[in-house]
Structures are given as C-alpha cells and as structure tokens.
Amino acid sequence: MQRWLLQEKRTTGWDTPINAVDAVYAFLAGADGKADMSKLDSGEPSTLRLDGKPMDLPKATTGMGYVKTSVQTPNANTFSAEKTSEGTSWGALYAQFWQKNTDVESTSAGINVKREIVSATDGKATSKLHVGDKVSVRITITADRDYDFVQVQDKRAACMEPAQQLSGYHWGYYCVPQDNVTNYYFDQLAKGKHVVETDYYIDREGDYTTGICTAQCAYSPEFSGREAAKTLSVSK
C-alpha cells in the first residue's frame, strides 16, 4: 500500500494539507501505529555508473535521499545503478540530443498520443489537401493511470492557420494557439482514452512537414508520449 501511495504521488497531487499529513503518517507508521523515524534514513547511497565509471554525485537531500546530476558525454552508451540499501527507491534518466525533426520516432511511456488530420466536414482522414480547406487535427491521448497537470504540444505545419485564434477553456482542458504550435493543458487526465480536436484552415500551397506532437506529465516528465512528424502536400 505504501508503494502504491508513492507511485500515486508521482503523477497526482495531494490537494489539501490534511491529505498530505495523512499520507506522511501512512509512510511513517509502524506495526504499533506509532511513527518510525528510522524510515527517513536514506541508507547507503546507490552507485551510479556511466559506461562503467562511477558518477560524481552531490550530497543527497536530508530525509529523502534525493540526488540530481547532469553530465555532458556525447559518446556515452550504458547507464547502470547499483542499490544496496533496503526499501523502495526509484529514479529517472533523461538523454537529450539534437536530431532532425523528420528522424524523430513515435514512442510512449505511460502516455500514448496519436495525431490525425481529418476533414472538418465529415471527420474522415484525408491526404489530398487544397488551399482553403478546413481540416481538424484529432489528437487521441491514452493514459495508463490517472495524471495531474499534463501538457500536450502539437507543432503544426506552416500551411495551417487556427480557425480559433483565442486561448480559452474547453471541455477538460485549456487551449493556447501560438505561431507554430498549439498547446493543451489538462489539470486532470483520467486513466483511459481522451480525444481533442482543433480546426485549421489550409492557407497556402506546397509541401510541408509538421513538428512532433508530445504529451507529458509536467511534474513527472518520465511519463510521456510522442507522435512523429507528418508530411503534407497542398495544391491549389
């Protein structure tokens, strides 16, 4: 139950101080119902290695054992963590690098996102676009658990102009159209499937490439999903 509660805290918020206090009590309570402060001991720190070499780590946060560090090693291939202390621990690893937009592949980790360009009139997928067409970008988000504070970012093609220019609340989310991207913000994203549609006008001819579409938990970015870029061909 304690592990479940910890996992819930990673992706959802405790809305009131009473909820937070109750959760801390659940973590610290021993078999006799009294607080067991030894549970705050971090124990021996884990050994983190990059390509077999131990990493230099800053001092851990008292009571939590939280450690964060970053390294710039373009040729690194293997990361390993060796844990010798008792109890439950977890961590997250982020690799950042430059890549051509068209080379970025779709992926998911807890959140799956799918983007489709469909006709605004009949809702059917379309590949033949013409100047003046009204289309909808349909984003389907599938969450494997309940999430709080999820950000969805849809980088659109240069030939697409939002039909609705103003930011505002919609059913379950807040939409913010910008120059080259449309952002969606969810205070709460329940487990299951969610569909978001936004209308656009095709305003010029040519060949275009959209950016990627991402969905990510704001305070636990290791839970995210990404849809690859799409190529569009527009005629008069």
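Start by selecting Ala23: leaving aside residues up to four places away in sequence, Ala23 touches Leu5 and Trp14, where contact means heavy atoms within 4.5 Å. You are looking at a predicted model, in which local features need pLDDT of at least 70 and side-chain atom pairs count only at pLDDT 80 or more, while totals for chains, interfaces and linings use all residues. Residues are numbered from 1 along each chain as its sequence is written, and side-chain values use heavy atoms, with hydrogens and water left out.

**Stop 1: helix α2**

Stay with Ala23, which counts as buried at 7% relative accessibility. Buried means under 20% relative accessible area, exposed over 50%, and partly exposed in between, with a 1.4 Å probe and protein chains only. Now add Lys9, 14 residues away along the chain: the two C-alpha atoms are separated by 9.6 Å.

Ala23 is found in helix α2, so named because helices (H or I, at least four residues) and strands (E, at least two) are DSSP runs numbered from the N terminus. Select residues 17-28 to see the whole of α2: its twelve residues reach 17 Å from first C-alpha to last, close to the 16 Å expected at 1.5 Å a residue. That expected span is 1.5 Å times one less than the number of residues.

Which residues of α2 are buried? They are Ala23, Phe27 and Leu28. These cover an arc of only 130° around the axis, which puts them on the same side of α2; the arc is that of the directions from the helix axis to the C-beta atoms. Show α1 (2-11) as well, since the buried residues of α2 pack against α1. Then turn to the face pointing away from the buried side, where you will find the exposed residues Ile18 and Val21.

**Stop 2: a three-stranded sheet**

Next, select β6, β17 and β14, which form an open sheet in that order, with mixed pairing. β6 (129-130) and β14 (206-209) stand at the edges with a single partner strand each, so one side of each has no neighbour in the sheet. Two strands pair if DSSP finds at least two bridges between them. β14 and β17 (residues 231-235) pair in the antiparallel sense over four bridges. To see one of the partnerships, pick Tyr208 and its bridge partner in β17, Leu232.

**Stop 3: the cysteines**

How many disulfides does the structure hold? It holds zero, a disulfide being a pair of cysteine sulfur atoms within 2.5 Å. Select Cys159: its sulfur is 16 Å from the closest cysteine sulfur, in Cys213, too far for a bond. Cys159 is buried, with a relative accessible area of 0%.
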